[in-house]
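Dear colleague,

I am passing on the structure we spoke about. Please look through it alongside the notes below.

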Amino acid sequence: MNSSDPSTCVFFSTSRDTPVHAWDAYNGTQRAIYSAYTDAEELDAAYSICFENLGGGKLYCGYNNCIRIFDLERPGRQHTILRTFKRAHRHSTGQRGIISCGAFNPDMSGLLAAGSYSRNIGLYDAR
């Protein structure tokens, strides 16, 4: 965010039963909505939000057993899913539970650390 460039002054919010909203930091108007839906076409609200520091304009949102990645240039429903937990026949791997927080390594390497309510931390390559 650069205060001399109003187009970069934005903040995001999420809450129960609502999509992620992008807000203008100068006048408080809504700029965009990023939403995810379940297989039953019900709104799936994010539990956490973090930005990548690689300059690619991606928004990483924590959900149950996954991280959904939204392109900031394309508001709406389009996103990619990074599964944090995989269940196979008699075997499960990964980070289970709600992804409650995320942070990128400040060295710009694309390493994302994600914490979950199940008391686990997962490391993911966001490149």
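The notes that follow cover salt bridges, cysteines, two glutamines and a surface patch.

Please keep in mind that this is a predicted model.

Salt bridges

How many salt bridges does the count come to? The count comes to three.

The first to look at joins D24 and R31, with the closest N and O atoms 2.8 Å apart. D24 sits in strand β2, which covers residues 20–24. Its relative accessible area is 11%, so D24 falls under the 20% limit and counts as buried. R31, at 34% relative accessibility, counts as partly exposed. The bridge therefore has a buried acid and a partly exposed base. D24 has a further polar partner: its side chain reaches the backbone nitrogen of N27 at 3.1 Å. With neighbours within four places in sequence set aside, the contacts of D24 are C9, F11, T29 and R31. R31 thus appears both in the contact list of D24 and as its salt-bridge partner.

Another bridge pairs E41 with R77, where the closest N and O atoms are 2.7 Å apart. E41 lies in the loop between β4 (36–37) and β5 (43–44), and R77 in the loop between β8 (66–71) and β9 (80–83), so this pair ties together parts that are 36 residues apart in sequence. R77 has a relative accessibility of 44% and counts as partly exposed.

The remaining bridge is formed by D44 and R68, and here the closest N and O atoms are 3.3 Å apart. This pair, too, links distant parts of the chain, with D44 in strand β5 and R68 in strand β8, 24 residues apart. On burial, D44 is partly exposed at 21% relative accessibility, whereas R68 is buried at 9%. The figure for D44 is over the 20% limit, which is why D44 is not classed as buried.

Cysteines

Which cysteine sulfur is closest to that of C9, and how far away is it? The closest is in C50, at 20 Å, which is too far for a bond. C9 is also buried, with a relative accessible area of 4%. C101 is in no disulfide either; the nearest cysteine sulfur, again that of C50, is 8.9 Å away. A disulfide needs the two sulfur atoms within 2.5 Å, so a separation of 8.9 Å does not qualify. C101 is partly exposed, with a relative accessible area of 43%. The total for the model is zero disulfides. C9 links this section to the previous one, as C9 is among the residues in contact with D24.

Two glutamines

Is Q95 buried or exposed? Q95 is buried, with a relative accessible area of 4%. Q95 is found in the loop between β11 (91–94) and β12 (99–104). The side chain of Q95 reaches two backbone oxygens: that of A114 at 2.8 Å and that of N120 at 3.1 Å. Leaving out residues within four places in sequence, Q95 is in contact with N65, T84, F85, A114, G115, S116, N120, I121, G122 and Y124. Both residues that offer a backbone oxygen, A114 and N120, are in that list.

Q30 belongs to strand β3, residues 30–34. Its relative accessible area is 41%, and Q30 is therefore classed as partly exposed. Residues up to four places away in sequence not counted, Q30 touches H21, A22 and W23. For a sense of distance across the model, the C-alpha atoms of Q30 and A88 are separated by 41 Å, while the two residues are 58 apart along the chain.

Surface patch

Which residues make the nonpolar surface patch of about 320 Å²? The patch is made by L111, I121 and L123. L123 lies in strand β14, which spans residues 121–125. L123 is exposed, with a relative accessible area of 59%. I121, another member of the patch, is also one of the contacts of Q95.

Best regards

Key: Residues numbered from 1 in each chain as written. Predicted model: local features only at pLDDT ≥ 70, side-chain atom pairs only at ≥ 80, totals over all residues. Heavy atoms only, no water. Helix = DSSP H or I, 4+ residues; strand = E, 2+ residues; numbered from the N terminus. Buried < 20%, exposed > 50% of the residue type's maximum accessible area, 1.4 Å probe, protein only. Polar contact = N/O pair within 3.5 Å; in protein donor to acceptor, adjacent residues only side chain to side chain. Contact = heavy atoms within 4.5 Å. Patch = residues over 30% accessible without salt bridge, like charges linked within 9 Å, V, L, I, M, F, W, Y side chains within 5 Å. Areas by Shrake-Rupley, 256 points an atom, 1.4 Å probe, with all protein chains shown as cover. Salt bridge = Lys/Arg side-chain N within 4 Å of Asp/Glu carboxyl O.
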